[in-house]
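Trainee: Please bring up the model, so that we can go through its side-chain contacts and surface charge.

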Amino acid sequence: MAQPLTILIVDDSPEDRHTYRRHLQQESENNYEIIEHELGEEALEFCHESLPDAILLDFLLPDVDGLEFLIELQKIAQENMPAVVMLTGYGNEDIAVQAMKRGVNDYLVKGQTTGENLRSTLYSAIKNVKLRAELHRSEKQLRESQNLVEHIAETTPGILYVYDLVEQQNVYLNQKVTNILEYTPQSIQALGKELLTQIMHPDDLAKIPSVFQQFDTSEDGEVVEHEYRMRHASGEWRWFHSRNSIFNRNPDGSPRQIVGTAFDITSRKQIEQELRDSNERFQLATTAINSLIYDWNIETNQVTRTEGLTRILGYLLEETEPTPQWWQNCIHPDDLDIALQQFQTIVTEQNRYEIEYRVRHKNNQYIYVLDQGIIIRNQQGKAVRVVGSTTDISDRKSVEVALRQSEAKFRRIVESNIVGVYFGDFSGKIYEANNAFLEMLGYTRTELEAGKLHWNMMTPPEYQDLDQQKMQELQIYGACNPFEKEYLHKDGSRVPILLGIAQIEGREDAGYAACFVLNLSQRKRAEAALRRSEEHYRYLSNVVPHLVWISNPQGECEHLNQRWYEFTGLTIEQSLGFGWKDVIHPDDLAGVMGEWTKVMHTGETYEQEMRYRKYDGSYRWYLVRAIPIKNQQGEIRQWFGSSTDIDDYKQLQAERDRLLQLEKTARTEAEAANRAKDEFVAMVSHDLRSPLNAILGWAQLLKTRNLDEADFTRAVETIERNAKSQAKLLEDLLDISRILRSKLRLELTQVNLAAIISVAIETAYPSAQAKNIILESAIDQSIPSITGDIHRLLQVLGNLLSNAIKFTPDSGRIIVTLSAENAQAKITVTDTGIGIDPEFLPQVFERYHQANIHHQQGGLGLGLAIARHLVELHGGTINVTSPGVGKGATFIIKLPLI
């Protein structure tokens, strides 16, 4: 149930108070506790003790009027003034207005007030007072909140701002902008939309749109952070970190303004850069020393390692565990206990450690490392941290092992007495020597230990300058190239030696050195024997009738005998090396090099014929043989070869081959002639018999005298035609006979070619007309006369035209031309006949040769052979061309005009 409202009725009329009480008690929605007083002072006393929720105040009281009551009430209530409804008589509205100015909420006129009017007016007054009080509290809280915000804004360590995304300018800035960037808020506001472009770094300004885009998807209260640079009033760029969120939105829900705080992080950025620089220097330092740096926090049992781990063991940092146990698992099992025991001992007694052991590389190979560092202790002396480095010393260990092995080998060499070894210095004294050296020069160890051996006393005088030179070389380079000299044997004889010297480290000033002495006596004797053998070889090679040579495995000549130089005329410089290639005939060189290269790889005996150039430029054939000289391992050391002159043999062989070829050719021609003769006899017998048969047949018919005039005429023409054919055949045979016996002669005179061509055409015209063949000519009448035989030229032209008509089908075409070309008269006979097979073209002008298709037309195949001979007797040429069978042919005669 709601708390009842206290209503104070101040009125000196009992009847009115009763009426008011009754009206109020009829209220169904509100519960009222009604207090009544007749006098104003009594009512004020009551208000001192407890302020009512509302007061019904009669303006005309016996002791005070309503305005005075209000003044006193305001003093009592101050800010908690209750609702006051003034009761006035009719006509006192002006007094009511004054009262309302004093704080009365409403007024009623007595005599006109109804119950409903009283209840609603009083309820409205109470409600308005409550609303006014609540508004007052809200305003007070707002002022307090504003003061708090202002206080926070001014005490925050960063720049507080409100930025309008639509207007693209700040709408609020706190005073920190002056403290941090030394700009006043007014100067910042004056920049308006140019704020960011004026003071933000260009590189960061380009990123601002992407930052603002994040607000399009941001929720209220979500923070968007970014870093950027702003220009200080001094011109310096300073780094800032901003935290922003949406302050208010547009009606469509899009962001309108953002509120944010910008913190100066320049110092942090500088520290970060310094840290990066420091880390970079640290990384460069660790890279430069090629070591793993580690930091072991003993209390947390965590180890931080550098990337040197990858260079040392091949592991990436992410492949490892940051614990000492991981590292211990990599230590060689044979070294682990020893290394841990050494470390524990050092931790107890010292602050620095240095331990060598083996660790397993990622490739499962073990390497030697040097582990060294410092131990950091707390105030109680307890070890809390270990900082150290691990360095790969495998190379050093390998060198140490190699040095030990080298010392062992050197000791074995000295003790093996394979070569003489002694230790001496620049003073000439020999301090130590092996038995090989003592035996080489005839001394005993007793004499050595007595200090009687001095290398300078053993050296003949003529080697003193060489010794001085080698001692200087030893001082400069620490060793000198082996050189030959002699030592004097104890018996006075000379011993040739090869001496090599190397200084001993640490005793360079005195020239203390190890000297290796190889006895060359046996080699010297072998060299002398070899020189004698070579001398004998030279004498022998110079007397043999061959070119003798020696080359290295690569084919470079190292020696050539005297006969080589006499034959080629070359000097030694021109011949040695690959100079021999210049002597070989160019046509033979490629084959020679191919075969020579082959045997150099296979090691087989070399044998090849080739031509050598003589000193006079002529070439002679030589047979070249060479055998490889190999060492005990089967490797070729040299080639020994000789070149034997076979030119006379090659000439005899060539002459024999030429005679054999001539005999073969003659035999082939004879066989061909026999075949041609047989074929010719067969053709002659056929071509003679055919006309004779016709003549005999028609002669028998004539003897019967039973022929009519037409048959008689036909018989005579047939006998005449066949007789002429036989006459032509016999004339061709006679011409061939004259040609073969060179008895054919020309009766030379001036010949007009245009005229005789016309005669030949007129003679052939009837035969052409009989077959409806068109006979055309194109004669250049300006062609001058030539010297020739008219009858023989007509014979040639008649033969060509006769053949053209014979081999051209009915209704064909024959064209004869005469023209001048290159000081020659050119005659062509072209037909549209059966043509000539390309394979038969070369044989067209041969005696007794006919193509099968031609033979079907009859004839001995002598006409064109005779024609060619007659043309050639005139100093001309005759040729034939044909596109092929069925495509006609063209015969071309060329005769000289001069």
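**Aromatic pairs, salt bridges and a charged patch**

Mentor: Y315 and W326 are both buried, where buried means under 20% relative accessible area, exposed over 50% and partly exposed in between, with a 1.4 Å probe and protein chains only. This is a predicted model, in which local features need pLDDT of at least 70, side-chain atom pairs count only at pLDDT 80 or more, and totals for chains, interfaces and linings use all residues. Residues are numbered from 1 along each chain as its sequence is written, and side-chain values use heavy atoms, with hydrogens and water left out.

Trainee: How many aromatic pairs does the structure hold?

Mentor: Rings of Phe, Tyr and Trp (its six-membered ring) pair if their centres lie within 6.5 Å; planes under 30 degrees apart count as stacked, over 60 as edge-to-face and the rest as tilted. By that rule, the number of aromatic pairs in the structure is 17.

Trainee: Which geometry do the rings of Y315 and W326 have?

Mentor: Their centres are 5.3 Å apart and their planes meet at 85°. Y315 lies in the loop between α12 (308-313) and α13 (324-330) and W326 in helix α13, so the pair ties together parts eleven residues apart in sequence. Helices (H or I, at least four residues) and strands (E, at least two) are DSSP runs, numbered from the N terminus. The geometry of the Y315 and W326 pair is edge-to-face.

Trainee: And which class does the pair of F578 and W580 fall into?

Mentor: F578 is partly exposed at a relative accessible area of 36%, whereas W580 is buried at 12%. With ring centres 6.5 Å apart and planes at 50°, the F578 and W580 pair is tilted.

Trainee: How many residues apart in sequence are E36 and R17?

Mentor: Side chains of opposite charge can pair when their charged atoms come close. E36 and R17 meet in a salt bridge at 3.2 Å, N to O, the term meaning a side-chain nitrogen of Lys or Arg within 4 Å of a carboxyl oxygen of Asp or Glu. E36 sits in strand β2 (residues 32-37) and R17 in helix α1 (residues 14-25), and their separation is 19 residues.

Trainee: Is R17 buried or exposed?

Mentor: Its partner E36 is partly exposed, at 27% relative accessibility. R17 has a relative accessible area of 8%, and is therefore buried.

Trainee: How far apart are the closest N and O atoms of E462 and R494?

Mentor: E462 is partly exposed at 47%, and so is R494 at 42%. E462 lies in the loop between α18 (455-458) and α19 (464-477) and R494 in strand β19 (residues 494-503), 32 residues apart. In their salt bridge, the closest N and O atoms of E462 and R494 are separated by 2.3 Å.

Trainee: Which helix gives the most to the negative patch?

Mentor: E41, E42, E45, E49, D63 and E68 form a negative surface patch. Such patches are made of residues with over 30% relative accessible area and no salt bridge, like charges being joined within 9 Å and nonpolar side chains (Val, Leu, Ile, Met, Phe, Trp, Tyr) within 5 Å. E45, one of the residues in the patch, is partly exposed at 49%. With four residues, the largest contribution comes from helix α2 (residues 40-49).

Key. Areas by Shrake-Rupley, 256 points an atom, 1.4 Å probe, with all protein chains shown as cover. Lys, Arg positive; Asp, Glu negative; His and termini not counted. Charge placed at Lys NZ, Arg CZ, Asp CG, Glu CD.
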